[in-house]
Amino acid sequence: MRTLLSISLVYFFSILNSQAQIQLLLSDMPSSGDTIRVSNASQTTTINLTQTGPNTTWDFTTLKAVSQEVKQFKSSAQTPYFFYFIGTFGEKIADTIGTGQFTFTDVYKFYKKNTTDFSTQGIGFRYSGIPLAGNYSDIDEIFKFPLDYSDKDTTTFKFKVEIPSVGYYGSQGTRINVVDGWGTVKTPFGNFPCLRVKSTITAMDSVSFNGFNFGFPNNSVEYKWMAKSQKIPILQVTQGFTGNSIVYRDFYRNLATGTEQVESSHASLYPNPTSGIVHINAGELNLQSIQLYSVEGKMVLNQSISNENKLDLKALGNGIYFATIWHSKGFFVEKIIVNH
């Protein structure tokens, strides 16, 4: 009876939490060592960016992944630019940018978690194979904390990277953040209580190359649906000078097979929440295997499914997990709550 009661309470508060306004803290941001998988969605997807406000439900479950990548946040000592950014951690944001003689490779941004903000501290890249870097003379505060619905802030940023015997590359501008909505965001990765943050970035990039100086605008608008403990946006839509993108947190998907996800109504997992043993009711589907992921995107289980169609999750810690269950026609995804 006590176990049943505790499971019921977990389920009740998970429902209650999904209907409540959340607050984002510094602990919800990425740290050195985090590894997070994301999917890049098809640009043919239509997203209504004007829909926002209090207690909003954003349904993006029809997003289709066309490619995947893994975001890795590394200690500066694990990058080619460690000498410049001691005490920070970096993320490779591009293998190559630019063109012709003005081509940069191994492009990293470096971040720091301060008491009240999460900010970009600098940028590093290779030019002609030489590692170069520059600290922001005016750091870019990506978020200020605590972050609540209706918060608004305006910050500036500026950096310059000297390129020996060539010139420099730099940028300066303004970031305006507005938390313009809260509610629930739904994607192929799951459903999450969230805040939506709209960031309007007005920037001017500047280049000096062999005595020729020129500048060009690099403006963008970012729409980010942020959830507790997820480190990066559950979904981010960027409209930028160089193009648009739709990126969302996701599981590993075998995109090469061309298999499609079956609607979750074709299968069920029970009991859910569970204290250990989970049964899979998949009707006439021929189940094959399962991968189980934590909310951080780490695979914690990968096994074939027996004829009994049940899983033993007693060895897992309490928490929320996402199961990708494969069958002869594709796969489906279900959320599992484990509470021992």
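**Confidence and salt bridges in a predicted chain**

The structure above is a predicted model. Its chain has a mean pLDDT of 86, and 87% of the residues reach 70 or more. The confidence varies along the chain: among its elements, strand 12, which covers residues 220–226, has the highest mean pLDDT, at 97, while helix 1, residues 2–18, has the lowest, at 43. Over residues 1–18 the pLDDT stays below 50, and beyond near neighbours in sequence this stretch has 12 contacts in the model. Where pLDDT is low, the predicted coordinates should not be read in detail.

The next topic is the salt bridges. How many salt bridges does the structure hold? There are nine. Three pairs and one network are described here in turn.

Begin with Lys228 and Asp28. These residues form a salt bridge in which the closest N and O atoms are 2.9 Å apart. Lys228 sits in the loop between strand 12 and strand 13 (235–240), and Asp28 sits in the loop between helix 1 and strand 1 (35–41), so the bridge ties together parts that lie 200 residues apart in sequence. Are the two partners buried or exposed? Lys228 has a relative accessible area of 32% and is partly exposed. Asp28 has a relative accessibility of 3%, and because buried means under 20%, Asp28 counts as buried.

The second pair joins two strands. Glu91 and Lys71 meet through their side chains in a salt bridge, with an N to O distance of 3.0 Å. Glu91 belongs to strand 4 (residues 89–99) and Lys71 to strand 3 (residues 65–75); the two are 20 residues apart, and the pair links distant parts of the chain. Glu91 is buried, at 6% relative accessible area, whereas Lys71 is partly exposed, at 23%.

The third pair leads back to strand 12. Here Glu222 forms a salt bridge with Arg175, and the closest N and O atoms are 3.7 Å apart. Glu222 is in strand 12 and Arg175 is in strand 9 (residues 167–187), so this pair also links distant parts of the chain, 47 residues apart. What is the relative accessible area of each partner? For Glu222 the value is 15%, and the residue is buried. For Arg175 the value is 6%, and this residue is buried too.

Salt bridges can also share partners. Lys92, Asp95, Asp106 and Arg126 are joined in this way into one network.

How values were computed
Residues are numbered from 1 along each chain as its sequence is written. This is a predicted model: local features need pLDDT of at least 70, side-chain atom pairs count only at pLDDT 80 or more; totals for chains, interfaces and linings use all residues. Side-chain values use heavy atoms; hydrogens and water are left out. pLDDT is the predictor's confidence in each residue, from 0 to 100. Helices (H or I, at least four residues) and strands (E, at least two) are DSSP runs, numbered from the N terminus. Contact means heavy atoms within 4.5 Å. A salt bridge is a side-chain nitrogen of Lys or Arg within 4 Å of a carboxyl oxygen of Asp or Glu. Buried means under 20% relative accessible area, exposed over 50%, partly exposed in between (1.4 Å probe, protein chains only).
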